[in-house]
Amino acid sequence: MQRVLKHTYSLCLLVLILVASCDIKDDFALPLRRTQITSFEVEGQCDAAGKAWAGAVIDNDTRTVDVYVCDTVDLRSLKIKSLTASKNATFTLESGSSEAVADFPKQGVDSATVADVRVDFTRPVKFVLHTYQDYEWVVNVRQVVTREVSLSGQVGEAIIDPINQNVIVYVSTSQSLYNIKVEKFSIGGLHGTVSPDPTLLEACNFSRMTTFDVTYGWSREVHQWRLFVYQSEAVIGTTASVFARSVSATVSGDMQNGSQPQVEYRLQGNGQWMRVPEEQIRTSAANYTAEIYSLLPDHTYEYRVSAGSSVTDVQTFTTAPAQQFENGSFDDWHVTGQAPRQLYLPWKEGGAAYWDTGNHGATTVGASNSTSVTEGGRTFANLQSKFIVIKFAAGNIFTGEYLQTDGANGILSFGRPFQSFPTKLQFDYRYKTSPITRPADMSSKWEEAYGRYISKDMFLGLKNKPDSCNVYIALLGDQDEEEYKGKTYPYIIRTRPSNLHLFNTKSDNVIAYAQMTKGEDVNEWTTVTLDIDYRQRNRTPKYIVVVGSSSKYGDYFAGGDNSLLQLDNVKLLYE
């Protein structure tokens, strides 16, 4: 009897982990037994642009910490304000990173208790975390030093060499080297100084090499920089280039400083040129970026750029096709197995799979909770949250493939091949919420796994509040591809705690993203259109991920037993 109960418990655990994994969010918890850095902050911390504060990116899979700092701090002796790790973990700092490696606080750094801990971050720094075994972590600190040079008549971007402390600028042949107006000259960074300051003069003579004394924001040391200005025949020439999407394109290139480029385009074979409005063209010191909208997918266009008397050659680009989902109507399903453990699969029998669910694990001990329903002339996905034997599980559906059972856990792949640029995700849905009666397992193991990232009070506060459904889309690059049993997959999800790998919506691999959550009843079929946010507009996606779940917090085994999400007509729009 004990052996049977133990087997049943393992199978239930498998079902719950697989089902929950299909509702993965960027705040998903990290591995249960790994020793992790939980906080990291240094003085001068900022975002990649150096304009605002931003938190460190802590990656527990690669055991790396990445952070940006502004140009007011010295990387050679950077103060750590916070460096904490898993409970009972201790630190060892690699030799040579600090003047007092041996005295580095073994329990990490907390600004409230440690006054001044400094480390040399001019190169990646290794920390070893010790518990029952050792884990090596690497911290990368990148300093944002914004240097800008803009001269009258400038052609192209200035060549700024901070290693050799040289600046080379090209100006047009019509621009006299003896009478140049300096508009920007921040070679010392935003917080540095330049002496003499050429921007204060009406005009400068740059007919020969000129030197400047420069100090940086993190040091009073004076550095001598050299400026070389040369005349160039080039104005725009053939520097115009394009990145085409499905219904838009970006044209960019170099130009002479002070000129206003005109960008024109037309369908190949048409006689009339259309001009890009000036408000869709951005210019800086010596380059431009123009956005062209309202294009037709899978069509070839011609374009040209002019500035003054200079005109580029006519060039062409082809927009990407308007790809769509397979079985986005969810009309095609088939059922295998016998009641009460029938396995519902969202594709035609004998056909190719495009969508999948966590049913493969659920039917091991019970019925599918992600099924097909036909009602009122339409067939749709019926995603039901329910309590299965001992744990809560959310109904789900996703673009991808269930791969294999791994002991009491699962391995699955998110994503299908995709190389297009939709602007919106549209779908029909109904939702029935229910009170959250299961606000997650509050055992000591839950606290160890999730407590450092998600407040226990937060989950306790969810009890009896309305559950929420969750639908999201992500366009991915190829950075997270992984080979499994001889085949390459877009993004492999592993639920085994000792080898946990879950979806991270904040990854640099996510090119575009959109999400909807809803915590109230929607009794009538309702059409939702989500604007897809392109975080990177110059990358072509390779995969598409769409996930729907009946309980937003299903990955924490939290939700309402009767929450029901019904999805239909999932499609991509190109506008």
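Select strand 12 first, which spans residues 159–161 and contains Ile 159. The model on display is predicted. Ile 159 is partly exposed, with a relative accessible area of 44%. Add Tyr 170 and Tyr 230 to the selection: together with Ile 159 they make a nonpolar surface patch of about 280 Å².

**The whole chain**

Next, display the protein chain in full as a cartoon. Its secondary structure comprises four helices and 48 strands. The chain has 575 residues, and buried residues make up 50% of them. Among contacts between residues at least 6 apart in sequence, 70% join residues at least 24 apart. Switching to a surface view shows an accessible surface of about 26600 Å², of which 46% belongs to carbon and sulfur atoms.

**The nonpolar cores**

In soluble globular proteins, nonpolar side chains tend to be buried together. For the largest nonpolar core here, select Phe 325, Phe 427, Tyr 429, Ile 544 and Leu 567, which touch the most other members among its 36 residues. Several strands each supply at least two residues of this core, including strand 31 (378–384), strand 37 (424–432), strand 46 (543–549) and strand 48 (564–573).

Now centre the view on Phe 325. Which residues does Phe 325 touch, not counting residues up to four places away in sequence? They are Tyr 354, Trp 355, Leu 425, Ile 544, Val 546, Val 570, Lys 571 and Leu 572. Apart from the largest core lies another, of 27 residues; to find it, select Val 65, Leu 93, Phe 104 and Tyr 135, which are among its members.

**The cysteines**

Select Cys 46 and Cys 70 next. A disulfide is a covalent bond between the sulfur atoms of two cysteines. How many disulfides does the structure hold? The structure holds zero. The closest cysteine sulfur to that of Cys 46 is in Cys 70, at 5.5 Å, and is therefore too far for a bond. Cys 46 counts as buried, at 5% relative accessibility. Cys 204, another residue to select, also counts as buried, at 8% relative accessibility.

**The salt bridges**

Finally, show the charged side chains; the count of salt bridges comes to 16. Begin with Lys 184 and Glu 148, whose side chains meet at 3.6 Å, N to O. Lys 184 lies in strand 14 (residues 182–185) and Glu 148 in the loop between strand 10 (134–143) and strand 11 (149–151), so this pair ties together parts that are 36 residues apart in sequence. Lys 184 is partly exposed, with a relative accessible area of 44%, and Glu 148 is partly exposed as well, at 33%.

Move on to Arg 430 and Glu 375, a salt bridge in which the closest N and O atoms are 2.8 Å apart. Arg 430 belongs to strand 37 and Glu 375 to strand 30 (residues 370–375), and the pair links distant parts of the chain, 55 residues apart. Are these two residues buried or partly exposed? Arg 430 counts as buried, at 15% relative accessibility, whereas Glu 375 counts as partly exposed, at 40%.

Then select Glu 481 and Lys 542, whose side chains meet in a salt bridge at 2.7 Å, N to O. Glu 481 lies in the loop between strand 39 and strand 40 (482–484), and Lys 542 in the loop between strand 45 (533–534) and strand 46, so the pair ties together parts that are 61 residues apart in sequence. Glu 481 counts as partly exposed, at 28% relative accessibility, as does Lys 542, at 32%.

The last selection is Arg 245, Arg 282 and Glu 291, which are linked in a network of salt bridges.

How values were computed
Residues are numbered from 1 along each chain as its sequence is written. This is a predicted model: local features need pLDDT of at least 70, side-chain atom pairs count only at pLDDT 80 or more; totals for chains, interfaces and linings use all residues. Side-chain values use heavy atoms; hydrogens and water are left out. A nonpolar core is a set of buried Ala, Val, Leu, Ile, Met, Phe, Trp, Tyr and Cys residues joined through side-chain atoms within 4.5 Å. Buried means under 20% relative accessible area, exposed over 50%, partly exposed in between (1.4 Å probe, protein chains only). Contact means heavy atoms within 4.5 Å. Patches are made of residues with over 30% relative accessible area and no salt bridge: like charges are joined within 9 Å, nonpolar side chains (Val, Leu, Ile, Met, Phe, Trp, Tyr) within 5 Å. Accessible areas come from the Shrake-Rupley method with a 1.4 Å probe; for residues, only the protein chains shown count as cover. A salt bridge is a side-chain nitrogen of Lys or Arg within 4 Å of a carboxyl oxygen of Asp or Glu. A disulfide is a pair of cysteine sulfur atoms within 2.5 Å.
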